[in-house]
Amino acid sequence: MTLNHPVFMDSGAPCTRSDRMVSPAIALAFIPLLFTLIIRYRYYFVLFYRAVLVRVVQDFLTGLSREERAFQYVLTHATPGNPDSILDAFDHWCSKVEFISNIGPKKGLVLDRLLRENSPLNVLELGTHCGYSAIRIARSLPIGARLYSVEMDKSNALVAEKAIRLAGFDDDMVELIVSTSEEVIPKLKEEYGVEMLDFVFMDHWKRCYLPDLQLLEGSGLLSEGTIILADNVLFPGAPNFLRYVKRSGLYKCHMHRASLEYIRGIKDGMAELIYLGAK
């Protein structure tokens with residue numbers, strides 16, 4: 001006769017066959033939850049794959065930065081001196097090849113419209129990155145207008161400089177300033193001759209949105225009617241910035257809701273502010 005002897009664990013308690021079936025049963029129970037999470041957050045997984053994993057692999061294989069790879073594509077697929085062609089090449093690369101967080105073609109239409117409707121002469125861009133938004137802004141500016149574009153990363157600034165000049169915009173129309181925003185803003189009046197700004201586009205580090213806005217206020221660079229357009233205020237998000245502009249009473253605020261550039265399914269938005277003047 002065969003005897004079923006109990007199996008003892010380290011604690012000395014007997015472990016039967018039914019006990020050993022608990023772990024697989026628990027694992028099976030979590031499978032629906034796992035699938036639910038994958039489906040719910042699938043767009044974030046896609047973003048992680050395209051923005052992080054692909055970038056790491058391509059950095060290793062090519063020895064070039066992501067921004068340099070984007071410019072190489074633009075250089076071989078766009079028409080020099082044609083801003084629309086260069087923007088189209090950037091958009092194709094960012095949507096089909098690798099992800100770069102430009103404003104993109106859909107949210108870019110809001111930027112285009114605001115520039116056309118207001119015809120600003122003095123424009124400040126915080127966060128040049130690879131030059132996409134600088135080109136988009138410059139092509140919509142009236143004759144005699146000037147864009148001051150600030151980028152803290154030297155390697156990105158080199159790429160942006162080449163892209164901007166390839167689009168046909170010289171230093172008289174687009175001045176690229178390689179420095180941090182907190183260093184540049186207080187110097188705009190004295191060193192760059194900017195008395196007032198008509199339009200500000202923010203697309204740099206989101207944690208800098210609020211302190212840089214307050215620097216602009218404190219430096220006297222905003223006049224009644226100055227427009228500030230801030231990208232990605234919902235994703236990755238700038239909650240302190242949004243809280244301040246809504247409570248300060250200094251701005252008329254409108255939210256342009258959209259999806260994240262080049263990644264559908266992730267909700268994002270741009271905050272359009274109109275400065276009402278100091279209290």
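Is Arg165 buried, partly exposed or exposed? In this predicted model, Arg165 counts as partly exposed, because its relative accessibility is 26%, and buried would require a value under 20%. We shall return to this arginine after a walk through the chain as a whole.

The chain has 279 residues, and buried residues make up 46% of them. Its secondary structure comes to 13 helices and nine strands. If we take the contacts between residues with a separation of 6 or more, 71% of them join residues that are 24 or more positions apart in the chain. Towards the outside, the chain exposes about 15,200 Å², and carbon and sulfur atoms supply 59% of that area.

A good place to look at the interior is strand β3, which covers residues 122-126. Four of its five residues are buried, so the strand is largely enclosed by the rest of the structure. Strand β3 pairs with strand β4, residues 146-151, and the two run in the parallel sense over five bridges. Within this pairing, Leu126 stands opposite Val150 in β4. As a general point, side chains in a regular strand alternate between the two faces of the sheet.

The cysteines offer another view of the interior. A disulfide is a covalent bond between the sulfur atoms of two cysteines, and the structure holds zero of them. Cys94, for example, is in no disulfide, and the nearest cysteine sulfur, which belongs to Cys130, is 6.2 Å away. Seen from Cys130, the closest cysteine sulfur is in Cys94, and the two do not bond because 6.2 Å is too far; a disulfide needs the sulfur atoms within 2.5 Å. Cys94 counts as buried because its relative accessibility is 0%, and Cys130 is also buried, with a relative accessible area of 0%.

What kind of surface patch do Phe48, Tyr49, Val52, Leu53 and Val56 make? Together these residues form a nonpolar patch of about 470 Å². Phe48 is found in helix α3, which spans residues 42-62, and this phenylalanine counts as partly exposed because its relative accessibility is 46%.

Charged side chains give a further set of links. Side chains of opposite charge can pair when their charged atoms come close, and the structure holds 15 salt bridges. One of them joins Arg113 to Glu117, with the closest N and O atoms 3.3 Å apart. These two residues are four positions apart in helix α6, residues 104-118, so about one helical turn separates them. Arg113 counts as partly exposed at 30% relative accessibility, whereas Glu117 counts as exposed at 55%.

This brings us back to Arg165, whose side chain meets that of Glu161 in a salt bridge with an N to O distance of 2.8 Å. Both residues lie in helix α8, residues 154-166, where they are four residues apart, about one turn of the helix. Glu161 is partly exposed, with a relative accessible area of 29%. The side chain of Arg165 also meets that of Asp171 in a salt bridge, here with an N to O distance of 3.5 Å, and Asp171 is partly exposed, with a relative accessible area of 42%. Elsewhere, salt bridges that share partners join Arg55, Asp59, Arg69 and Glu98 into one network.

Note on methods: Residues numbered from 1 in each chain as written. Predicted model: local features only at pLDDT ≥ 70, side-chain atom pairs only at ≥ 80, totals over all residues. Heavy atoms only, no water. Patch = residues over 30% accessible without salt bridge, like charges linked within 9 Å, V, L, I, M, F, W, Y side chains within 5 Å. Areas by Shrake-Rupley, 256 points an atom, 1.4 Å probe, with all protein chains shown as cover. Salt bridge = Lys/Arg side-chain N within 4 Å of Asp/Glu carboxyl O. Buried < 20%, exposed > 50% of the residue type's maximum accessible area, 1.4 Å probe, protein only. Contact = heavy atoms within 4.5 Å. Pairing = 2+ DSSP bridges.
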